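Welcome, and take a moment to look over the model before reading on. We will walk through it one place at a time.

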Amino acid sequence: MNFFRGVMGGQPAGPQPSGAETIQKLCDRVASSTLLEDRRDAVRALKSLSKKYRMEVGTQAMDHLVHILQTDRSDSEILGYALDTLFNIICNDEEEEQDESEDAVTPIPVAGKHKTVCTPDENAQKQADDLGTQFTDKFIQDSENVTLLLTLLEEFDFHVRWPGVKLLTALLKNQCAQVQGIILVSPMGVSRLMDLLADSREVIRNDGLLLLQQLTKGNAAIQKIVAFENAFERLLDIITEEGSSDGGIVVEDCLLLLLNLLKNNSSNQNFFKEGSYVQRMKPWFEVGDDNSGWSAQKVTNLHLMLQLVRVMVSPVNSPGATASCQKSMYQCGLLQQLCTILMATGVPADILTETINTVSEVIRGSQVNQDYFASVNAPSNPPRPAIVVLLMSMVNERQPFVLRCAVLYCFQCFLYKNQKGQGEIVATLLPSTIDANSISAGQLLCGGLFSADSLSNWCAAVALAHALQDNLTQKEQLLRVQLATSLGKPPVSLLQQCTNILSQGSKVQTRVGLLMLLCTWISNCPIAVTHFLHNQENVPFLTGQISENLGEDERLVQGLCALLLGICIYYNDNSLENYTKEKLKQLIEKRIGKENFVEKLGFITKHELYSRAAQKPQPVFPSPEQMLFDHEFTKLVKELEGVITKAVHKSSEEEKKEEEVKKTLEQHDSIVTQYKELIREQDAQIQELKEQVASMTSQNEQLQTSITQQLSQIQQHKDQYNILKLKLGKDSQSQANSQGDSSQVNGLQTEEITQLRDEVEELRKQNALLQTQLSDKDTLVNTLRSEAAQTAEGSAGGPDNTELLKELEALRSQVQSQMTEIHTLQTERQELLKRAEAGPLDSVPSSESSTDTAPTAELESRLAAQTSETERLKEEVRSLSESRAGLEQQLASATSTVAILQTEKGKLQTEVQESKKEQDDLLMLLADQDQKIHSLKQRLKDLGETTVPLSLQVEDEDDLDARDQTDDDEEEDEDNED
């Protein structure tokens, strides 16, 4: 108390003030002091009193503390004191912290997980909880207080951020939904909290994990926001940094947060899978050979990791999402790693049990995963299949109960929608496949079915029932199983042995298991019903069990016996004369009574354990005695209870009418099946035609591409041809140059010869041009002459005729002048040609000088080489011309092929249209027939009949016109008889 005297300036002597008075004075001082140091000292004093005087501090100081948070933002120390004080009055858990002195500095904790010790006195704890809830309600009445707290979390100062995280966590614990709503509407509220995971100070990061755990509880919207704030990446990084399964309490907190984000949240599960985070879980389950001495924390971590895997493949998820996750787990090797743990030695029992449950849900309904699991062998000598090793544990009464339940669940998941696996299990019971030197799954199931342990009987019966679930073939195959009961006695069938054990009056659990097996076995299997009824003792035993008035424990057995007898009626094919449907119903009416029978049948669904087993596939029971119902069997009961009740109450006439209706519907079913086959064939044909059209389209595109390539090749050849022509021109020019060189050597000017040749060429061109013009003029003259003659005959004179004559004379003179010019040019041309020929001859000297012979020979050799080169180029031009002609011929053939393909494509499209039209006609006929079936059902209801079971109704809208055709044929036959 000396501290308070010093703070408040009281006298050392006199009566001591009470705690409430002291708190009131401190509150007045916080509200009225102008100096920051005075307010800070007062808040620190309130903090020290807040645990002992929680009620007083909370009621008097909360508003002042909130005001401090709003106004004194610049001083981190007073903010820390205020936040700690609010945390002390709102938190319901007692912190294990050392008392702080007035001038002590708050130490930074080493671990972020705050251990709490619950108050021993439950009443006191309840009062504390109520008090914390009341103060939380008062604090969050104004949503701005929570927003202010979120703003303070952005402060990097440790003395502000850490108390703020603890305070917000306490608020979420007390009033989770209300605080979640405020944070959700706060701008960037969740993002600010996600920043805590990136804090370099482990204590804040770890307490941030606890905060996010509370924040994400039961709020899908916040879970999605947290997930899309890259929470999965950060959490998996933290788990890896902390050592995965070997890590400490921080790994546990991360896993709990991951479970909050993924459980029952399909959006986050899909995001987790699409982000390839499933693959990052595989290293968690890598265990070494030495598995002894697991710490409690490692067991907890691995247990949570297995739960995380189960969340991704839980049966309550959508089938598509579950199948996708199962596929990813197999592809990344996670399933293989789990099977390794399953077969490892030294693994703790609870981890082994959870691993079995996890493997069960990873393989459930996935054919690929089930096939892999069937191939897993235990590391024994000799190696045994993992299924056999697990079944050995299931039928061993010395194994823990939860482990046996897990093995049963694993076996059920292995057989779920796995007809291949069901066939393999039943095959181990058949005489042709039994191996006396090895233990098989069938032998273990039979051993458990007839052992002295009732739990083994029940588990083996349920496991065998799952091998027959929805599999008519295996139900018939199991009828072949023969058992050798003792030496010297003939073998009995498995079906008979089950009924023998029932009649011996064993434990309730054993009889319930056997009755569930028999009901599953003979349901929807008339052959099995016939085998069961063939034993003369079975029906009297069932009627005797149902008719007796037994205690509460036997009611369930009576209900199952009624169900078994009802299945014998409903699925009876009347092949046994003594036990037809009608005789069995008469037997029930005489010995039991229909109402009593239905009442006993209802005992099954009214049992308290029935609804628990119907909730989820996994068999979870608090004790072995309560292990009575199987999840799949509850579905069978729900399906058969109503139809059996109706079947028992129906009279023989109603049965006949129903049989007639069934036959009619079967006929319709056959007709519908025919039409379905027809439509399937047409669909197949349409699909083939589409594929042909697609292939022809692709061929057409390929041909078009080929034509384009050929055109480009032709163009290339043309270019090469032009290049060769240019080369040929250059060669002739070089030849002319060589001749020029020879002339120059002999004294003649090369330039003159070239000029003469050019003049000769130009004169040739002019000559050709003049010849063309001359022919044109001659044609014009002839035309004018014919017109002039016609004009002269039409009219002897006139101005037009005169003008035409003048024009004609002018044209004649013009032609005469041009002819003269042409003659002159031809004369000049002849002279030039003579000069060009005479030039080389005059320039050739006498061959007296032997020194001129060598250059002349050289020029002649060069001329011969140029000539041969010219001939070679001509041959190449000729071959290119032939190649071009071939390519043009190929182009013409490709064009004709394209035309043919387009014609075939048009024909195929016409056929597709005709097929679609035929389908539309069939659908119209189906609608008419469906209307007639509806009218038949209505007539049946009017006669007091029930509607046809769902299994006989037609769900597809196929054509039913054959029904009309049958009616028309009958009417025609009646008319012919008349």
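The sulfur of Cys519 lies 8.4 Å from the closest cysteine sulfur, that of Cys561, which is too far for a bond. With a relative accessibility of 0%, Cys519 counts as buried (buried means under 20% relative accessible area, exposed over 50% and partly exposed in between, using a 1.4 Å probe and protein chains only).

Before we go further, a word on what you are looking at. This is a predicted model, in which local features need pLDDT of at least 70 and side-chain atom pairs count only at pLDDT 80 or more, while totals for chains, interfaces and linings use all residues. Residues are numbered from 1 along each chain as its sequence is written, and side-chain values use heavy atoms, with hydrogens and water left out.

Now try Cys410. Its closest cysteine sulfur belongs to Cys413, 6.9 Å away, again too far for a bond. Cys410 is buried too, at a relative accessible area of 1%. Indeed, the structure holds zero disulfides (a disulfide being a pair of cysteine sulfur atoms within 2.5 Å).

Cys413 turns up again in the wall of the largest cavity, along with residues including Tyr409, Gln412, His466 and His631. A cavity is a set of points, on a 1 Å grid over the protein atoms alone, where a 1.4 Å probe fits but cannot get out; its lining residues have an atom within 4 Å of a point. The volume of this cavity is about 80 Å³, where volume is the space filled by probe spheres set on the points, with grid points joined across faces, edges and corners. Helix H21 (401–415) gives the most to the lining, with three residues, and H35 also supplies at least two. (Helices are DSSP runs of H or I with at least four residues, numbered from the N terminus.)

H35 (631–649) also helps to cover the buried residues of H32, as do helices including H29 (538–547) and H30 (552–570). Which residues of helix H32 (594–601) are buried? They are Phe597, Lys600 and Leu601. These cover an arc of only 105° around the axis, so they sit on the same side of H32; the arc is that of the directions from the helix axis to the C-beta atoms.

Finally, visit Arg205 in helix H11 (202–215). Arg205 counts as buried at 8% relative accessibility. Leaving aside neighbours within four places in sequence, Arg205 is in contact (heavy atoms within 4.5 Å) with residues including Leu196, Ile238 and Glu242.

Notes: 1 Å grid on protein atoms, 1.4 Å probe; cavity = no way out; pocket = protein on both sides within 12 Å on 5 of 7 lines; lining within 4 Å.
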